[in-house]
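Please look through the model shown below, first as a whole and then residue by residue. The paragraphs that follow move from the overall fold to a few individual positions.

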Amino acid sequence: TENCAVSSDNGLTWKLTSSPITKGALYGSAMAKANGQGCLFVCGPNGIDYSFDSGKAWQNLDTANYWVVHVESDRSIGWAAGKNGRLIRINID
């Protein structure tokens, strides 16, 4: 289904983007700026995906179970945490 959208005006209007690769429920999301583009992350029990072009194209980062993702807006790093204490650092370049 078409259920992934981005806003460039603080949520007044929304534009559909392509869907992430990971299927099923998505429990966490995060956004930051990287090279002038919107850098998006989504995660859930079936994996974590990212997009460096505001959701036009998605790449899979991992297929493990993740419950939350956070990206620090003033630095080029992020974190994702999941089941059984899994924790990964995400470097955004």
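Read along its sequence, this predicted model follows the pattern β-β-β-β-β-β-β-β-β, so that the protein has nine strands and zero helices. The radius of gyration is 13 Å, close to the 12 Å that the globule rule gives for 93 residues, and the protein is therefore as compact as a globular protein of that length. Along the principal axes, the C-alpha trace spans about 40 × 35 × 20 Å.

How far can the predicted coordinates be trusted, in the predictor's own terms? The mean pLDDT of the protein is 89, and 98% of the residues reach 70 or more. Confidence is lowest in strand β1, residues 5–6, where the mean is 84, and highest in strand β6, residues 59–62, where it is 96.

Turning to the surface and the interior, buried residues make up 35% of the 93 residues, while the accessible surface comes to about 5,900 Å², of which 50% belongs to carbon and sulfur atoms. Among the contacts with a sequence separation of 6 or more, 25% are accounted for by residues 24 or more positions apart. The protein carries 8 positive and 8 negative charges, and the mean positions of these two sets are 3 Å apart.

Two buried positions can be read together. Alanine 34 lies in strand β3, which covers residues 28–34, and cysteine 39 has its place in strand β4, which covers residues 37–44. Alanine 34 has a relative accessible area of 11%, and because this is under the 20% limit it counts as buried; cysteine 39, at 0% relative accessibility, is buried as well. When neighbours within four places in sequence are left aside, alanine 34 is in contact with Cys39 and Ile92. Under that condition cysteine 39 is in contact with Ala30, Met31, Ala32, Ala34, Ser51, Phe52 and Ile92, so that Ala34 and Ile92 are among the partners of cysteine 39.

Which separations in sequence and in space go with these two residues? Alanine 34 and aspartate 93 are 59 residues apart in sequence but 6.8 Å apart in space, from C-alpha to C-alpha. Cysteine 39 and tryptophan 67, by contrast, are 28 residues apart in sequence and 19 Å apart in space, again from C-alpha to C-alpha.

The backbone also deserves attention at two loop positions. Most residues other than glycine have a negative phi. Asparagine 10, although it is not a glycine, has a positive phi of about 60 degrees, and serine 54, a residue other than glycine, likewise has a positive phi, near 60 degrees. Asparagine 10 is placed in the loop between β1 and β2, the latter being residues 15–16, whereas serine 54 is found in the loop between β5, residues 47–51, and β6.

Are these two loop residues buried or exposed? Asparagine 10 has a relative accessibility of 81%, and because this is over 50% it counts as exposed. Serine 54, at 24% relative accessibility, counts as partly exposed, because this value falls between the 20% limit for buried residues and the 50% limit for exposed ones.

Notes: Residues are numbered from 1 along each chain as its sequence is written. This is a predicted model: local features need pLDDT of at least 70, side-chain atom pairs count only at pLDDT 80 or more; totals for chains, interfaces and linings use all residues. Side-chain values use heavy atoms; hydrogens and water are left out. Helices (H or I, at least four residues) and strands (E, at least two) are DSSP runs, numbered from the N terminus. The radius of gyration is taken over C-alpha atoms; the globule rule is 2.2 Å times the number of residues to the power 0.38. Buried means under 20% relative accessible area, exposed over 50%, partly exposed in between (1.4 Å probe, protein chains only). Contact means heavy atoms within 4.5 Å. Accessible areas come from the Shrake-Rupley method with a 1.4 Å probe; for residues, only the protein chains shown count as cover. Lys and Arg count as positive and Asp and Glu as negative; His and the chain ends are not counted. The place of a charge is taken as NZ of Lys, CZ of Arg, CG of Asp or CD of Glu. pLDDT is the predictor's confidence in each residue, from 0 to 100.
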